[in-house]
Amino acid sequence: MLQIGSSDDVSAVKAVTLLERDVSAFDLNCGCNMAFSTKGDMGIKRMFDLEKTSAILKAMARNVNVPVTVKTRIYGEDQGGLTKDLEFLRMAELAGCKAIALHARFPDNARSAPTHHDRLKAIVEAASIPVIANGGLMTEDDITQCREASGCTSFMLARGAFSNVTLFNPGGSPPTPADDLRYLERLFHNSADCGLCIMNTRFNMNFGLRGRKSVVPKDVREAMQRAKTHTEMGKILGFTPRTESEELEEKRGVP
Ligand SMILES: Cc1cc2nc3c(=O)[nH]c(=O)nc-3n(C[C@H](O)[C@H](O)[C@H](O)COP(=O)(O)O)c2cc1C
C-alpha cells in the first residue's frame, strides 16, 4: 500500500499509474495537518473541497487496477460535524474507495487531543465500505473500547505500535532492551529501504526513540540528529549491515 498526498487529479493519476505495478493498493491522505501537506493544498485541505477530492479519488480509482482507499479525520461541530462526515463518506464511496480510515480527531487537533471514537458509530452504520478506526489506540484495551464505542472491526495504529512492539502479542512478555534496539534497527533500515529522505527517517527514528531513550546513549542520539545521509546515521547508531539503498545512496552521493 502506498499513500499519496495530492491536490489535483492529473498529478495523482501520473503518480499512481507510474507506481501501480509496485504496490497492492493506494491511499489518498486527507488527514495530515502538518504544514508540509496543507501548504500544498493536501492533507486536511482535502476535507474542505470535496468536489476536488472526489475528482482526485475518482481519477485514481479509474486509472489503476488496485484498490484505492482514503484516510481522513472527523469534522469539528463548527465544521459540519457528523453530517459532514457522512457527506465525506458518501463522496468516497461514490468515487470508488474500497475502505476509509478515520482518524477520530478534528482537523486542527494535535496528536495529544482527545479522540472521539463514539462519532465513528454512525459512520460505520451508514458505510458500505470498511471503516478503519484510528487515533489514540495505545493498548489492547483501547482497541476493545474503540470496538465497543464505534462498531469498527478494523484498526490503524501509529504511536501505539511504535511504542510497544509486543502490542499485537497479547500475553507475551514486554519488550527487552535488546528487542527495542532490534526494533530501532529495523525501523531505520525499513525507512532507508522505502527510499525516505534522511529528514523523514530522522522523524521516524525520533518517534521510535520515545520511551526507548535508555537503549541509545545521549551523545549518540544527539549525533544522529546531525547525520546527513543514511550511511552516516547507520554508522552513528552502530547498525549493520548496510542496506542496498544506503549503498546506492552513497554511490550516487546523495547529500
Ligand atoms: C511517525 C509518524 C508518522 C506518520 N506518518 C503518517 C503518514 O505518512 N500518513 C498519514 O496518513 N498519517 C501519518 N501519521 C499519523 C498517523 O497515521 C495517525 O493518524 C496519528 O498518529 C493518530 O494515530 P495514533 O494516535 O495511533 O498515533 C504518522 C504518525 C506518526 C507518529
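Me: A residue is exposed if 12 or fewer other C-beta atoms lie within 10 Å of its own, buried if 20 or more do, and partly exposed in between. With that in hand, which residues of α4 are buried?

Reply: Good place to start, and keep in mind that we are reading a predicted model. In α4, the buried residues are Asp 85, Phe 88, Leu 89, Ala 92 and Ala 95. They span an arc of only 130° around the axis, which places them on the same side of α4. On the other side of the helix, Thr 83 and Leu 94 are exposed.

Me: Why do residues three or four places apart in an α-helix point the same way?

Reply: The general idea is that an α-helix has 3.6 residues a turn, so a step of three or four places brings you back to the same direction. In this structure, α4 has Asp 85, Phe 88, Leu 89, Ala 92 and Ala 95 as its buried residues.

Me: How many residues does α4 have, and what does it reach from first C-alpha to last?

Reply: Helix α4 runs over residues 81–95, which is 15 residues. From its first C-alpha to its last it reaches 21 Å, close to the 21 Å expected at 1.5 Å a residue. Just after α4 comes Gly 96, with a positive phi of about 105°.

Me: What covers the buried residues of α4?

Reply: For this, look for contacts from other elements. The cover includes α3 (50–63), β3 (68–73), β4 (100–103) and α5 (120–126).

Me: Let's take α3 from that list. At what angle do the axes of α3 and α4 cross?

Reply: They cross at roughly 30° and come within 8 Å. Angles under 35 degrees count as roughly parallel, and that makes α3 roughly parallel to α4. The crossing in which α3 passes α4 is right-handed. On the α3 side, the contact is made by Leu 50, Thr 53, Ser 54, Leu 57, Lys 58 and Ala 61, and on the α4 side by Glu 87, Phe 88, Met 91, Ala 92 and Ala 95.

Me: Which residues of α3 are buried?

Reply: Those are Thr 53, Ile 56, Leu 57, Ala 59, Met 60 and Ala 61. The buried residues of α3 pack against α1 (9–19), β2 (26–30), β3 and α4. As for its length, α3 has 14 residues and reaches 20 Å from end to end by C-alpha, close to the 20 Å expected at 1.5 Å a residue.

Me: And how do α1 and α3 pack: at what angle, and how far apart are their axes?

Reply: The angle is about 30° and the axes are 9 Å apart. These two helices, α1 and α3, are therefore roughly parallel to each other. α1 passes α3 in a right-handed crossing. Asp 9, Ala 12, Val 13, Val 16 and Thr 17 of α1 meet Ala 55, Ile 56, Ala 59, Met 60 and Asn 63 of α3.

Me: Which way do α10 and α11 run, parallel or antiparallel?

Reply: Start from the angle between the N-to-C directions. The axes of α10 (residues 218–226) and α11 (residues 230–237) cross at roughly 175° and come within 9 Å. That makes α10 roughly antiparallel to α11. Val 220, Ala 223 and Met 224 in α10 meet Met 233, Ile 236 and Leu 237 in α11.

Me: Let's try single residues. Is Arg 226 buried or exposed?

Reply: Count the neighbours. Arg 226 has 10 C-beta neighbours inside 10 Å, so it counts as exposed. Its place is in helix α10. In sequence, Arg 226 and Arg 202 are 24 residues apart, and in space their C-alpha atoms are 9.4 Å apart.

Me: What is Leu 82 in contact with, leaving aside its neighbours within four places in sequence?

Reply: Leu 82, found in helix α4, is in contact with Arg 119 and Ala 122. It is partly exposed, with 16 other C-beta atoms within 10 Å. Leu 82 and Leu 120 are 38 residues apart in sequence but 8.8 Å apart in space, C-alpha to C-alpha.

Me: One last backbone feature: where does Asp 41 lie?

Reply: Asp 41 is in the loop between α2 (35–38) and α3. It has a positive phi of about 65° although it is not a glycine. Asp 41 counts as partly exposed, with 15 C-beta neighbours inside 10 Å.

Definitions and conventions:
Residues are numbered from 1 along each chain as its sequence is written. This is a predicted model: local features need pLDDT of at least 70, side-chain atom pairs count only at pLDDT 80 or more; totals for chains, interfaces and linings use all residues. Helices (H or I, at least four residues) and strands (E, at least two) are DSSP runs, numbered from the N terminus. The expected span of a helix is 1.5 Å times one less than its number of residues. The arc is that of the directions from the helix axis to the C-beta atoms. Two residues are in contact if their C-beta atoms, placed from the backbone, lie within 7 Å. Axes are lines fitted to C-alpha atoms, for helices over the stretch in contact, and angles run from 0 to 180 degrees between N-to-C directions. Angles under 35 degrees count as roughly parallel, over 145 as roughly antiparallel, 65 to 115 as roughly perpendicular and the rest as oblique. A crossing is left-handed if the near helix is turned anticlockwise from the far one by less than a right angle, and right-handed if clockwise.
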